[in-house]
Amino acid sequence: TMMTARHVFILCDLRQAAAFIRCASLIQNAITVILWWLLIAPAIYYVMPTPEQKREFVRFNGSLNLVSVHLLNLPLVILDHWMEPRLLTIADFAAALAFGLAYLLFYLNILDRWGIHFYIVLSPRTPLCGIMYGVLIGSYYGLFLL
């Protein structure tokens with residue numbers, strides 16, 4: 001994740017590189033946590049047809065890997081942001097948007113074509129993709145303003 005890359009840059013004393021991806025790390029983790037816990041996980045749970053499958057999903061969702069990526073990264077990235085106080089700038093926001101766009105292009109042009117559909121709402125084959133792209137850009141801006 002961007003948070004991992006940021007901490008590797010800090011450990012290697014590459015402070016400018018770490019500062020460059022600071023906003024992207026904060027926004028990426030916030031969006032991941034918000035989307036997973038408020039939209040994706042409840043939707044998956046809801047469509048599970050049997051109580052057994054629902055229990056299995058709850059078990060899977062509580063695994064260390066998923067909890068660390070989809071939940072614990074947010075407080076860690078907020079703590080990271082708080083420990084190095086400085087206001088985010090328009091350049092930070094532009095870098096975050098550029099990384100977000102790069103990831104979206106990677107997802108659409110490589111993962112989606114290979115049949116790896118992590119984010120079905122981002123697929124250009126769904127009628128919701130345009131709305132979702134707008135929601136994501138709005139989320140980037142809203143999180144930047146916080």
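These legends go with several views of a predicted protein model.

**View 1. The whole chain is built from helices.** Start with the overall layout: the protein has 7 helices and 0 strands. Read from the N terminus, the elements go α-α-α-α-α-α-α. If you drew a box around the C-alpha atoms along the principal axes, the box would be roughly 50 × 30 × 30 Å. Among contacts with a separation of 6 or more, 55% join residues 24 or more positions apart.

**View 2. Here is the surface, and what lies under it.** The accessible surface adds up to about 9,500 Å², and carbon and sulfur atoms own 74% of that. Of the 146 residues, 32% count as buried. As for charges, there are 9 positive and 7 negative ones, and the mean positions of the two groups sit 5 Å apart.

**View 3. Two cysteines, Cys23 and Cys129, are both buried.** Cys23 has a relative accessible area of 0%, so it counts as buried. Cys129 comes in at 12% relative accessibility, and this value also falls in the buried class because the cut-off is under 20%. What is a disulfide, anyway? It is a covalent bond between the sulfur atoms of two cysteines. How many disulfides does the model have? The count is 0.

**View 4. Glu56 and Arg59 pair up along helix α4.** This is one of the 7 salt bridges counted in the model. The closest N and O atoms of Glu56 and Arg59 are 2.4 Å apart. Where do the two partners sit relative to each other? Both are in helix α4 (residues 51-61), and because they are 3 residues apart there, about one helical turn separates them. Glu56 is partly exposed at 37% relative accessibility, while Arg59 is exposed at 54%.

**View 5. Arg86 meets Asp92 in another salt bridge.** Look for the closest N and O atoms of this pair, which are 2.8 Å apart. Is Asp92 buried or exposed? Asp92 is buried, with 6% relative accessibility. Its partner Arg86 is partly exposed, at 31%.

**View 6. Arg125 and Asp112 form a salt bridge within a loop.** Their side chains meet at 2.9 Å, N to O. Both residues belong to the loop between α6 (90-111) and α7 (129-145), and they are 13 residues apart, so the pair links distant parts of the chain. Which class does each partner fall into? Arg125 is exposed, at 56% relative accessibility, but Asp112 is buried, at 7%. Elsewhere, keep an eye out for Arg6, Asp80 and Glu84: salt bridges with shared partners join these residues into one network.

**View 7. Asn73 is a buried residue in helix α5.** The helix covers residues 64-83. Asn73 has a relative accessible area of 10%, which puts it in the buried class because that class takes in values under 20%. Which residues does Asn73 touch, once you skip its neighbours within four places in sequence? Asn73 is in contact with Thr1, Met3, Asn29 and Ser68. Try finding Thr1 and Met3 beside Asn73 in the structure, then pick out Asn29 and Ser68 among its contacts as well.

Key: Residues are numbered from 1 along each chain as its sequence is written. This is a predicted model: local features need pLDDT of at least 70, side-chain atom pairs count only at pLDDT 80 or more; totals for chains, interfaces and linings use all residues. Side-chain values use heavy atoms; hydrogens and water are left out. Helices (H or I, at least four residues) and strands (E, at least two) are DSSP runs, numbered from the N terminus. Buried means under 20% relative accessible area, exposed over 50%, partly exposed in between (1.4 Å probe, protein chains only). Contact means heavy atoms within 4.5 Å. Accessible areas come from the Shrake-Rupley method with a 1.4 Å probe; for residues, only the protein chains shown count as cover. Lys and Arg count as positive and Asp and Glu as negative; His and the chain ends are not counted. The place of a charge is taken as NZ of Lys, CZ of Arg, CG of Asp or CD of Glu. A disulfide is a pair of cysteine sulfur atoms within 2.5 Å. A salt bridge is a side-chain nitrogen of Lys or Arg within 4 Å of a carboxyl oxygen of Asp or Glu.
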